[in-house]
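Thank you for making time this morning. I would like to walk you through one structure, slowly and step by step, and I ask you to keep the picture in view while I talk.

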Amino acid sequence: MYLKIERNNTHQKTSRCSECKNIIYEMLREIYGTIKIEHKFNMSAKIDDYNNLKCYKQLLKIYKSLIKFRGYDDFVKAKNLSPCDTYIVDHDFIVELDENQHFSKARLISLKNYPNTLKTAFSINKWIQYCQKINASDPQPIYRDEQRAWYDTLRDFLPLIDGGFSPTMRIIIADYEWCSLNPKKLKDIDKFKSLIKG
């Protein structure tokens, strides 16, 4: 998918600056080549569908910890995950753009239960710190934090679920004024690379 970018140079100081997202997409395309935005994988959201995989026990531990958090045991409503934010086609990995609502207590619980065998292209410790700092809460529906944390977990586990994928990358939208960067300038590309290093 190609996006035509019209820059207005008015950065919205929230985690929802659409221009920042557009620049991130442009940067990813410039660095990695073909990307697919909101790409749909046929990936189950149900824990039982992973019971034949080596990582099942690790996923089950996280799933149970999310249930234990507030007692909600029916937060998985979808059969399959919604599309990922970005799929890097030539390198077989996904990139998720995390807004503030992804940094909740439920997400903190899931991240703290990640196994050492799970490789990610983002700093788990940094994400833990952001969860502790932001402590987001999304009450609609009441189990939304657990649901979002579980779906994020499955995307992070993609390399263990399907060995053909490279580690999942995550970018914090509010971490930088991404729209101040120009994807056509080498120094800005280098800056972007340094900012997204896992």
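**Salt bridges around helix α5**

Let me begin with a pair of charged residues: D152 and R107 form a salt bridge, and their closest N and O atoms are 3.8 Å apart. Since D152 sits in helix α5 and R107 in helix α3, this pair ties together parts of the chain that are 45 residues apart in sequence. D152 and R107 are both buried. Before going further I should say that what you see is a predicted model, and every value I quote is computed from it.

How many salt bridges does a search of the whole structure find? The search finds 13 of them, and I will pick out two more that involve helix α5. In one of these, E146 pairs with R70, with the closest N and O atoms 2.7 Å apart. Here too distant parts of the chain are linked, because E146 belongs to helix α5 and R70 to helix α2, 76 residues apart. Are the two partners buried or exposed? E146 is buried, with a relative accessible area of 0%, whereas R70 counts as partly exposed because its relative accessibility is 35%, and buried would require under 20%.

The other pair is D138 with R148, whose closest N and O atoms are 3.2 Å apart. D138 lies in the loop between α4 and α5, while R148 is in helix α5, and the two are 10 residues apart. With a relative accessible area of 9%, R148 is buried. Finally, salt bridges that share partners join D98, R107, D152, D156 and R170 into one network, so that the pair I began with, D152 and R107, is part of that network.

**Helix α3 and what covers it**

R107 brings us to its helix, α3. Of the 8 residues of α3, 6 are buried, so this helix is largely enclosed by the rest of the structure. Which residues of α3 are the buried ones? They are A106, R107, L108, I109, S110 and L111. Among the elements that cover these buried residues are α2, α4, α5 and β4, the last running over 169-172.

**The nonpolar cores**

Now let us turn to the nonpolar side chains. In soluble globular proteins, nonpolar side chains tend to be buried together. In this model the largest nonpolar core has 39 residues, and the members that touch the most other members are M43, L59, W150, L154, F157 and I161. At least two residues of this core come from each of α2 (56-70), β2 (84-88), α3 (105-112), α4 (124-134), α5 (144-156) and α6 (158-161). If we take L59 as an example and leave aside residues up to four places away in sequence, L59 touches I47, Y50, W150, T153, L154, F157 and I161. Apart from this core lies another, of 23 residues, and that one includes M27, I88, F93 and W178.

**The largest pocket**

Next comes the largest pocket, which holds about 400 Å³ of space. Its lining consists of 17 residues, and those nearest the centre of the pocket are S82, P83, D85, E96 and H102. Which elements supply at least two residues each to this lining? They include α1 (18-32), β1 (35-39), β3 (93-98) and α5, and α5 gives the most, with 5 residues. By character, the lining residues divide into 5 nonpolar, 3 polar and 9 charged.

**Three details of the backbone**

I will end with three places where the backbone deserves a careful look. The peptide bond that joins Q140 and P141 is cis, with omega about -5°, and P141 is found in the loop between α4 and α5. That loop also holds N135, which has a positive phi of about 50° although it is not a glycine. N135 counts as partly exposed, at 49% relative accessibility. The third place is E38 in strand β1, which is likewise not a glycine and yet has a positive phi, of about 55°. E38 counts as exposed because its relative accessibility is 57%, and the cut-off for exposed is over 50%.

Terms used. Residues are numbered from 1 along each chain as its sequence is written. This is a predicted model: local features need pLDDT of at least 70, side-chain atom pairs count only at pLDDT 80 or more; totals for chains, interfaces and linings use all residues. Side-chain values use heavy atoms; hydrogens and water are left out. A nonpolar core is a set of buried Ala, Val, Leu, Ile, Met, Phe, Trp, Tyr and Cys residues joined through side-chain atoms within 4.5 Å. Buried means under 20% relative accessible area, exposed over 50%, partly exposed in between (1.4 Å probe, protein chains only). Helices (H or I, at least four residues) and strands (E, at least two) are DSSP runs, numbered from the N terminus. Contact means heavy atoms within 4.5 Å. On a 1 Å grid over the protein atoms alone, a cavity is a set of points where a 1.4 Å probe fits but cannot get out, and a pocket is an open set with protein on both sides within 12 Å along at least five of seven lines; lining residues have an atom within 4 Å of a point. Grid points are joined across faces, edges and corners, and a volume is the space filled by probe spheres set on the points. Ala, Val, Leu, Ile, Met, Phe, Trp, Tyr, Cys and Pro count as nonpolar, Asp, Glu, Lys and Arg as charged, and the others, Gly among them, as polar. A salt bridge is a side-chain nitrogen of Lys or Arg within 4 Å of a carboxyl oxygen of Asp or Glu.
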